[in-house]
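Dear colleague,

Here is the structure I said I would pass on. My notes on it follow below.

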Amino acid sequence: MKKIKLAVVPGDGIGVEVVPHALKVLDTVAEMHGGLSFEYEHFDYGCDYYLKHGDMMAADGMDRLRESDSVFLGAVGDASKVPDHISLWGLLLKIRREFELEINVRPAKVFKGIQSPLRNPKDFDLVVVRENSEGEYSSVGGRMYHGDNEIAIQNNVFSKRATKQAMVHAFKLAQSRRRHVTSATKSNGIFHSMPFWDEVFKETAAGYKDIDTVSQHIDALAATFVTHPERYDVIVASNLFGDVLTDIGAGIMGSIGIAPSANLNLNGRHPSMFEPVHGSAPDIVGKGVANPIGQIWTAKLLLDHHGEEEMGSLLLDTMEQVTADGFLTPDVGGDRQTDDVVDELIRRLKTKS
Ligand code: NAD
Ligand code: IPM
Ligand code: MN
C-alpha cells in the first residue's frame with residue numbers, strides 16, 4: 001500500500017473551512033484507488049496560534065513539516081489579528097523560502113459549468129510557471145528617514161540559476177502540452193532585471209527547439225490574458241508578475257475561489273507545498289459559502305505530483321461534472337453551500353469506484 005504523509009496546515013479564515021473538505025475528497029479517492037492511503041498530521045499554525053504563542057509556528061515547526069511527503073496548506077492571513085507582513089513571512093513565505101519552493105505552478109482553464117466573465121472565453125487552458133523565490137519578493141531593501149521624507153527601497157533580485165530553472169520548468173511542461181512558451185517581460189522599461197530575463201530566456205529557448213516561444217511585455221500580456229486567453233499555453237513569469245497574472249487567470253475562470261497552485265521543491269531536500277491561489281477571504285468566513293474548488297483542484301495537483309495522475313484526472317473531471325450540473329457556490333453565481341458541492345462530489349466519486 002502506497003502511503004502519502006501530508007502535513008496539513010489549514011491556516012486562517014476559509015482555509016480552515018475548505019481544507020477538511022479537500023481531505024475528505026482525498027480519502028475518497030484513496031478508497032477508490034485501493035492501493036493508496038493518506039496519513040495526515042495537523043498543524044494549527046496561523047494567526048490564532050500567533051496570538052497564543054507569539055509566533056506563527058512552533059520553534060521546531062519547519063522540522064516537523066519536513067517529515068512529511070508534502071505540505072497541504074489552506075490560506076494564511078487575518079489582518080484583524082496579526083499584520084499581514086508578520087503572518088505571511090512567519091508561515092507561508094517562510095515555508096516557500098526554507099523549503100526552497102522555487103517554482104509555483106498555477107493552471108487556469110475554462111471550468112465546466114462555471115461562467116467566465118469573458119464574452120468569448122473560447123476554450124482557454126493555460127499554465128503559469130511563476131518563479132517563486134526571488135525577483136520582486138527579495139528581502140533586500142529597507143525604509144529610511146521619517147515623516148514626509150520617508151522612503152522605501154525594494155531591490156529586485158534575479159539570479160541566473162533561479163530564473164533559468166523556472167524557464168526550464170516551463171519548457172519541459174510545454175513539451176507535454178501544446179509546445180508553446182510565453183515569457184512575461186518588461187524589457188522596454190528602465191529596469192536592469194528584464195533585459196537580463198530576456199537573455200536567459202533566449203539562452204534557455206535555444207535548448208528547446210521543439211517549442212515555439214514569444215516574449216510579451218507584462219502590461220500587454222495582462223490585456224491579452226483577458227481578450228484572448230486561448231492564445232496561451234505555458235507562461236513563465238517572475239514572482240510578482242506571476243502573482244498578478246494568476247489572479248487574472250483566476251478571474252477569467254470566474255472566481256479566485258477555484259484556482260489551484262503547486263509550490264515545488266526541485267532539489268529533493270524538502271517537501272513541496274500545495275495551496276490554492278486564494279487567501280483567507282475574511283469577508284465570507286463562517287458563512288459556509290467558500291468555494292471548495294481551489295482547495296480540491298490543489299489536491300488534484302498533489303495527486304499528480306505523487307504520480308497519481310489518473311486519480312487526479314478522475315477527481316477534476318468529476319468536479320467539473322458537479323459544477324456542470326449546477327452545484328455552485330455564490331462566488332460563481334450559485335446558491336449552494338460549500339458542503340453541498342463537496343457532498344455531491346464525494347457521492348459521485350463513490351459511484352465510480
Ligand atoms: P482573498 O483571496 O482572501 O479574497 C479576495 C476575494 O475573493 C474576497 O472577496 C473573497 O471573499 C473572495 N474569495 C477568495 N477565496 C474564495 C473562495 N474560496 N470562495 C469564494 N470566494 C473567495 O484575498 P485578499 O482579500 O486580498 O486577502 C485576504 C487575506 O488572505 C490577507 O491576509 C492576505 O494577505 C491573505 N492571502 C493569503 C494567501 C495565501 O495564503 N496563499 C493568498 C492571498 C491572500
Ligand atoms: C499568493 C499570495 C501570496 C503571494 C501572498 C499572500 C504573500 O498572493 O500566493 O498568490 O504574493 O505570493
Ligand atoms: Mn497572489
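How far apart do the end C-alpha atoms of residues 5-345 lie, and what share of the span is helix and what share strand? The distance between those end atoms is 23 Å, with helix making up 40% of the span and strand 20%. Please keep in mind that this is a predicted model. The span itself comes from UniProt, where an unreviewed entry places the feature "domain: Isopropylmalate dehydrogenase-like" at residues 5-345.

Domains

The protein divides into domain 1, made of 1-101 + 260-353, and domain 2, which covers 116-253. Taken over C-alpha atoms, their centres are 25 Å apart. Domain 1 and domain 2 each put 6 residues into the contact. On the domain 1 side, these are 3 nonpolar, 1 polar and 2 charged residues.

Ligand 1

The shell around ligand 1 holds 22 residues, and the closest are G77, G257, H278, G279 and N291. Sorted by class, the shell has 11 nonpolar, 7 polar and 4 charged residues. Helix α4, residues 84-98, gives the most to this shell, with 3 residues.

Ligand 2

Around ligand 2 are L88, L92, L93, D243, V277 and G279. By class they are 4 nonpolar, 1 polar and 1 charged. Helix α4 again has the largest share, at 3 residues. G279 is thus listed for both ligands: among the closest residues to ligand 1 and in the surroundings of ligand 2.

Regards

Technical notes
Residues are numbered from 1 along each chain as its sequence is written. Chains are lettered from A and ligands numbered from 1 in the order in which they are written. This is a predicted model: local features need pLDDT of at least 70, side-chain atom pairs count only at pLDDT 80 or more; totals for chains, interfaces and linings use all residues. Domain bounds come from an automatic or database domain assignment. Two residues are in contact if their C-beta atoms, placed from the backbone, lie within 7 Å. Ala, Val, Leu, Ile, Met, Phe, Trp, Tyr, Cys and Pro count as nonpolar, Asp, Glu, Lys and Arg as charged, and the others, Gly among them, as polar. UniProt positions are given in the numbering used here, feature names are shortened, and annotations may be inferred rather than shown by experiment. Helices (H or I, at least four residues) and strands (E, at least two) are DSSP runs, numbered from the N terminus. A residue is near a molecule or strand if its C-beta atom, placed from the backbone, lies within 6 Å of it.
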